[in-house]
Structures are given as structure tokens and as C-alpha cells.
Amino acid sequence: KPVTISESKFNPLYGLKSYTVDSIALSLKVTASMSELLGTKTSVFIKSYGQGGLATASFRGTSASHTPVYWNDVAIHSPMLSQMDFSLIPVFFLDDINLFYGGSSLVNKSGGLGGSINLDNKKLTNSKSKVSLVQQIGSFSTYGIYADVNFENGNFTGRTRIMYLTSENDFSFLNNAVTNADYIRQTREDAGYYQYGILQELYFNRKNNDEVSL
């Protein structure tokens with residue numbers, strides 16, 4: 001009688017550690033920066049110098065230069081320092097965030113000693129043309145506005161996301177650097193910042209089910 005020998009295909013992700021940030025976490029932190037999201041929703045250590053300051057990430061005790069960052073498969077970390085300032089990346093511009101720990105980062109990229117962070121955008125499916133607007137008001141004269149415009153016409157889909165954030169960042173603090181015992185309360189000066197950006201996505205579906213994106 002015939003003998004059948006079969007074997008299942010090896011899963012390259014087997015035994016590797018990865019983590020995908022939940023969509024609910026993304027929606028709750030839609031007005032935050034990547035540094036705030038990673039610092040509160042993942043195990044990645046974020047070294048931050050405060051609002052508007054430099055924020056770097058590290059995996060498993062490695063330095064920030066050992067953590068490559070990819071946006072839609074394009075490396076966006078500094079080619080000189082191999083670091084990324086996560087305070088400059090708004091969560092509002094992202095649809096998927098995936099973390100690969102250690103050797104897991106070698107699956108589809110050059111990888112990093114500690115791990116890698118992969119950011120992706122995707123086309124809205126089964127959605128008609130719509131406009132979304134989010135406004136933010138916070139302490140220390142912090143104001144933000146975020147707009148998302150999605151346009152669909154037949155095989156063509158366009159999506160535009162715009163953000164603007166400003167803050168005086170004028171918080172008060174006890175100055176413990178003075179020599180006398182009575183610390184004086186001062187207001188932080190010259191610490192204000194503002195950020196703005198735009199993300200444009202274009203998708204075109206051809207008749208043979210191929211998709212061209214820009």
C-alpha cells in the first residue's frame with residue numbers, strides 16, 4: 001500500500017517574542033506621543049527628559065542605539081547615532097505598532113541587539129468618505145488639534161492626517177539648588193514647545209486586484 005509522508009511548514013515566529021499594541025490602547029492614547037504610549041502600555045524602558053524633550057527607548061537593558069525603528073519597512077532612526085526621538089512621533093499618525101524582542105527582530109529586518117520597533121499605516125477598509133476631528137486641552141497652556149480626512153472614490157482612496165500641538169510648559173517647582181534652607185517656588189521659563197505635521201496616504205486598486213500606494 002502507498003505510504004504518505006507529510007510535514008508542516010516551520011513557522012519562523014515560533015519561539016520568538018513579539019508584542020502588538022492593542023487598538024484600544026492606540027485609541028486611548030491618540031493625542032499622545034510614542035514615548036508616552038510605549039512607557040505606559042509596553043515593557044520598553046523610555047528615558048524621557050520631560051514634555052517636549054528627548055525621549056529614547058531601550059529593550060532589556062540595552063542602549064537606545066541598539067533599538068532600530070522602522071516605519072512601513074523604512075528605517076527612520078538616525079543613521080549616525082542609531083537612535084530615535086519618540087517624542088516627535090504622534091500616535092495619531094500610526095495604525096499598527098509591533099515590538100520584536102531580541103533575536104525576534106531578525107525575522108524580517110536587519111534587527112537590533114535589544115529589539116526593534118515597527119510602525120505601520122494601513123488603508124481604512126469598508127469605510128466611506130469621512131472627517132474626524134480631535135481636540136486636546138491640558139495643563140500649562142497645552143492645546144492640540146488633530147484632523148483625519150478619508151476620501152474614497154471608486155478604486156481611489158486618499159487619507160490625510162494633520163496635527164498641531166502647542167504648550168507653554170510653564171509649571172511651578174521648588175528650586176532646591178539655592179543655598180539657603182528655604183527653597184523658593186519658581187515658574188519654569190523658556191520651556192514651551194510646539195509640534196505640527198501632516199501625513200498623506202494615497203491608494204489605488206487596479207482591476208487585477210493589485211494595489212499601488214504612495
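Guide: A salt bridge is a side-chain nitrogen of Lys or Arg within 4 Å of a carboxyl oxygen of Asp or Glu. By this rule, six salt bridges are counted in this predicted model.

Visitor: Why is the pair of D96 and K122 called a salt bridge?

Guide: The closest N and O atoms of D96 and K122 are 3.8 Å apart, and the limit is 4 Å, so the pair qualifies. D96 sits in strand β6, K122 in the loop between β7 and β8, and 26 residues separate them in the chain.

Visitor: How do you know whether D96 and K122 are buried, exposed or partly exposed?

Guide: Partly exposed means between 20% and 50% relative accessible area. D96 has 24% and K122 has 44%, so both are partly exposed.

Visitor: What makes E201 and R161 a salt bridge?

Guide: Their side chains meet at 2.5 Å, N to O, which is within 4 Å, so the rule is met. E201 lies in strand β13 and R161 in strand β10, so this pair ties together parts 40 residues apart in sequence. Both E201 and R161 are buried.

Visitor: Which residues are linked with them in a network of salt bridges?

Guide: The network links D95, D148, R159, R161 and E201. Within it, R159 and D148 meet at 2.7 Å, N to O; these two are buried as well.

Visitor: And what about the nonpolar side: how many residues has the largest nonpolar core?

Guide: That core has 22 residues, and M34, F86, I97, L99, I117 and L119 have the most contacts inside it. Among the residues that I97 touches are V21, L26, M34, L37 and L119.

Note on methods. Residues numbered from 1 in each chain as written. Predicted model: local features only at pLDDT ≥ 70, side-chain atom pairs only at ≥ 80, totals over all residues. Heavy atoms only, no water. Core = buried A, V, L, I, M, F, W, Y, C linked by side-chain atoms within 4.5 Å. Buried < 20%, exposed > 50% of the residue type's maximum accessible area, 1.4 Å probe, protein only. Contact = heavy atoms within 4.5 Å. Helix = DSSP H or I, 4+ residues; strand = E, 2+ residues; numbered from the N terminus. Lists of a residue's contacts leave out its neighbours within four places in sequence.
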